[in-house]
2 protein chains.
Amino acid sequence: MTANAVLSESLEDYLEAIFHIIAEKQAARAKDISRQLKVAGSSVTGALRSLAKKGLINYAPYDLITLTPAGRKAAKDVVRRHEALRDFFVNVLAVGYAEADEAACRIEHVISKNILERLIQFAEFVEICPRGGSKWIAGFGYHCDHGDTRENCEKCISLILEDLKRKKTGGKSMSIINLKDLKQGQRARVEKITARGDTNKRLVEMGVTPGAVIEVERLAPLGDPVEVKVKGYHLSLRKSEAEGIDVELI
Amino acid sequence: MTANAVLSESLEDYLEAIFHIIAEKQAARAKDISRQLKVAGSSVTGALRSLAKKGLINYAPYDLITLTPAGRKAAKDVVRRHEALRDFFVNVLAVGYAEADEAACRIEHVISKNILERLIQFAEFVEICPRGGSKWIAGFGYHCDHGDTRENCEKCISLILEDLKRKKTGGKSMSIINLKDLKQGQRARVEKITARGDTNKRLVEMGVTPGAVIEVERLAPLGDPVEVKVKGYHLSLRKSEAEGIDVELI
DNA sequence: ACAAAATGTTAGGCACGCCTTATTTTTTTA
DNA sequence: TAAAAAAATAAGGCGTGCCTAACATTTTGT
């Protein structure tokens with residue numbers, strides 16, 4: 001019941017594991033957790049008691065384990081840190097997924113809020129800035145493997161020139177579309193929030209602001225709701241909300 | 001005496017503190033360490049015994065503390081991680097020094113070798129790639145504070161165009177100079193290693209390769225030796241070695 | 001040189017977080 | 001439905017890393 005108890009690294013790991021198990025199969029059992037975290041069953045019992053005492057999980061001996069609202073919030077926070085770090089390593093540093101995931105696992109416990117937000121913003125910036133982009137990251141990968149020479153930079157510059165020409169011919173109105181028209185897995189840059197009033201407010205609060213990168217994670221059959229990821233947060237938007245967001249495909 | 005014992009986070013902290021104290025005043029005392037790490041004196045005694053047992057420090061009760069060669073190597077490694085992280089946070093993420101330093105302090109213990117190298121390379125890449133550079137990072141700072149709109153991107157693109165023009169007029173031979181002609185604090189990109197034979201080999205081993213960013217940290221009165229930083233490593237180069245390196249100012 | 005102050009060490013304790021071994025409870029299966 | 005298997009818990013131990021309090025050894029000031 002404690003309001004905002006500080007979680008130890010290992011309790012964060014337990015919470016994260018529970019979150020993932022529940023996402024797959026409604027409720028978790030101690031065995032699932034011990035298997036996932038590779039610790040003895042008795043260690044799990046102790047951890048579960050701690051988490052229950054902090055009001056983060058519903059737990060009774062021999063019973064299934066679920067997250068309380070506070071627990072879900074705390075778990076999502078850990079997961080967001082984890083995913084943001086992993087995405088940064090994969091998308092910006094061009095590190096392999098497995099290695100990135102493992103590194104995220106360790107760093108997620110010690111990174112400060114501010115630095116995390118900066119990392120998220122930087123990854124976003126790299127994607128939307130014309131000077132960045134996936135080609136640029138590919139160039140970084142080349143630089144890592146082969147070092148850099150002036151000739152490579154010349155090539156790089158001509159790539160920018162090509163991009164510029166494309167932009168120019170595309171004119172000022174590019175492929176601005178509505179969020180609801182995106183397909184699953186597509187990413188876009190928020191161009192404008194056309195929603196007004198409360199909806200507008202709600203969207204901004206959730207991190208949906210012009211310039212932000214938004215990714216469609218799942219789309220219900222009728223497009224309602226649409227699950228998206230923005231700034232590391234997973235959001236579920238109603239169709240009416242999605243319609244109030246204009247985006248530009250990346 | 002242990003060859004390559006794994007150090008706990010706290011022992012790494014102790015080693016790092018000892019390294020910094022010794023850099024300032026020849027030898028460390030337990031009090032210096034307890035003051036710096038903000039722990040009780042008795043904790044220091046225990047840690048020192050551990051470090052001595054691992055053959056990393058020379059330690060006798062009531063006596064001054066110095067690093068063994070192995071200890072110096074281990075300490076330098078920790079310091080490199082710390083500095084590389086801090087530099088990344090400051091130079092790439094545009095985070096304040098104090099905050100960056102504190103974050104580095106925590107992350108340095110858990111970051112993997114590979115990811116660290118990638119971070120170092122990325123920071124370097126941002127500096128030497130024409131698409132990156134300090135102006136680009138400044139743009140990132142703006143993006144963080146105000147979000148991004150298409151107009152900003154237009155400005156950004158015109159900046160690149162200006163850069164391109166400058167490069168064009170500069171022609172193909174830019175300001176390639178010799179490393180020995182750099183002043184203290186200047187940074188440059190390694191263009192070519194003109195040294196041959198053993199010197200060449202030694203330089204490459206130390207991370208001085210074409211494309212690398214090199215920074216002059218200290219310059220002896222007669223330019224021999226010159227202390228530089230490359231890829232997070234602090235090196236001391238003899239004048240004869242410095243003369244074998246052609247660089248381009250950043 | 002010798003007391004006072006500063007510094008260093010020992011001893012004992014506490015909290016974590018993990019382990020192993022043994023026991024209890026629940027679920028499966030024959 | 002009862003024995004076997006699986007899952008969960010309890011008890012006790014270990015290592016780390018920190019603390020306080022008490023004691024030992026320098027160093028310093030006069």
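In what follows, Ala, Val, Leu, Ile, Met, Phe, Trp, Tyr, Cys and Pro count as nonpolar, Asp, Glu, Lys and Arg as charged, and the others, Gly among them, as polar. With that convention, the surface near DNA strand C comprises 8 nonpolar, 8 polar and 3 charged residues. I should state at once that this is a predicted model.

Let me stay with the DNA for a moment. Strand C is surrounded by 19 residues, and the closest are A:Ser8, A:Ala40, B:Arg29, B:Lys31 and B:Ser42. Which elements supply this surface? At least two residues each come from α1 (9–25) and α3 (41–53) of chain A, and likewise from α2 (30–37) and α3 (41–53) of chain B. The largest share, 4 residues, belongs to α3(A).

I turn now to the organisation of chain A. Its assignment gives four segments: domain 1 covers 9–74, domain 2 covers 79–128, domain 3 covers 134–170 and domain 4 covers 176–249. Between the C-alpha centres of domain 1 and domain 4 of chain A there are 32 Å.

The strands I wish to describe next are β4 to β8 of chain A. Strand β4 (residues 187–193) pairs with β5(A) in the antiparallel sense, over 3 bridges. On its other pairing, β4(A) is joined to strand β8 (residues 245–249), again antiparallel, by 5 bridges; there A:Ile193 has A:Ile245 as its bridge partner.

Strand β5 (residues 213–219) of chain A runs antiparallel to β6(A), with 5 bridges between the two. These strands form a hairpin with 6 residues between them, and in the turn A:Gly223 has a positive phi of about 75 degrees. Strand β6(A) then pairs with β7 (residues 233–237) of chain A, antiparallel and over 5 bridges. That hairpin has 2 residues between its strands, and A:Lys231 in the turn shows a positive phi of about 50 degrees.

How do the side chains along β6 (residues 226–230) of chain A alternate? A:Val226, A:Val228 and A:Val230 point to one face and are buried, whereas A:Glu227 and A:Lys229 point to the other and are not. Of the latter pair, A:Lys229 stands opposite A:His234 in β7(A).

One residue links several of these observations, namely A:Ile214. In β6(A), A:Val230 stands opposite A:Ile214, and in β4(A), A:Ala188 does so too. Beyond its neighbours within four places in sequence, A:Ile214 is in contact with A:Leu179, A:Ala188, A:Val190, A:Val208, A:Val228, A:Val230 and A:Val247. It is also listed among the residues with the most contacts inside the largest nonpolar core, which has 78 residues; the others so listed are A:Phe89, A:Leu93, B:Phe89, B:Leu93 and B:Ile214. Apart from that core lies another, of 22 residues, including B:Leu7, B:Ile18, B:Tyr59 and B:Leu67. As a general remark, nonpolar side chains in soluble globular proteins tend to be buried together.

Finally, I consider B:Ile65, found in the loop between β1 (57–58) and β2 (66–67) of chain B. Why does B:Ile65 count as buried? It does so because B:Ile65 has 23 C-beta neighbours inside 10 Å, and the threshold for burial is 20 or more. Outside four places in sequence, its contacts are B:Ile18, B:Ala27, B:Ala28, B:Arg29, B:Leu48, B:Ile57, B:Asn58 and B:Tyr59. Among these, B:Arg29 is also one of the closest residues to DNA strand C. By contrast, B:Ala123, 58 residues away along the chain, has its C-alpha atom 35 Å from that of B:Ile65.

Note on methods. Residues numbered from 1 in each chain as written. Chains lettered and ligands numbered in written order. Predicted model: local features only at pLDDT ≥ 70, side-chain atom pairs only at ≥ 80, totals over all residues. Core = buried A, V, L, I, M, F, W, Y, C linked by C-beta atoms within 7 Å. Buried ≥ 20, exposed ≤ 12 C-beta atoms within 10 Å, placed from the backbone. Contact = placed C-beta atoms within 7 Å. Near = placed C-beta within 6 Å. Domains from an automatic or database assignment. Pairing = 2+ DSSP bridges.
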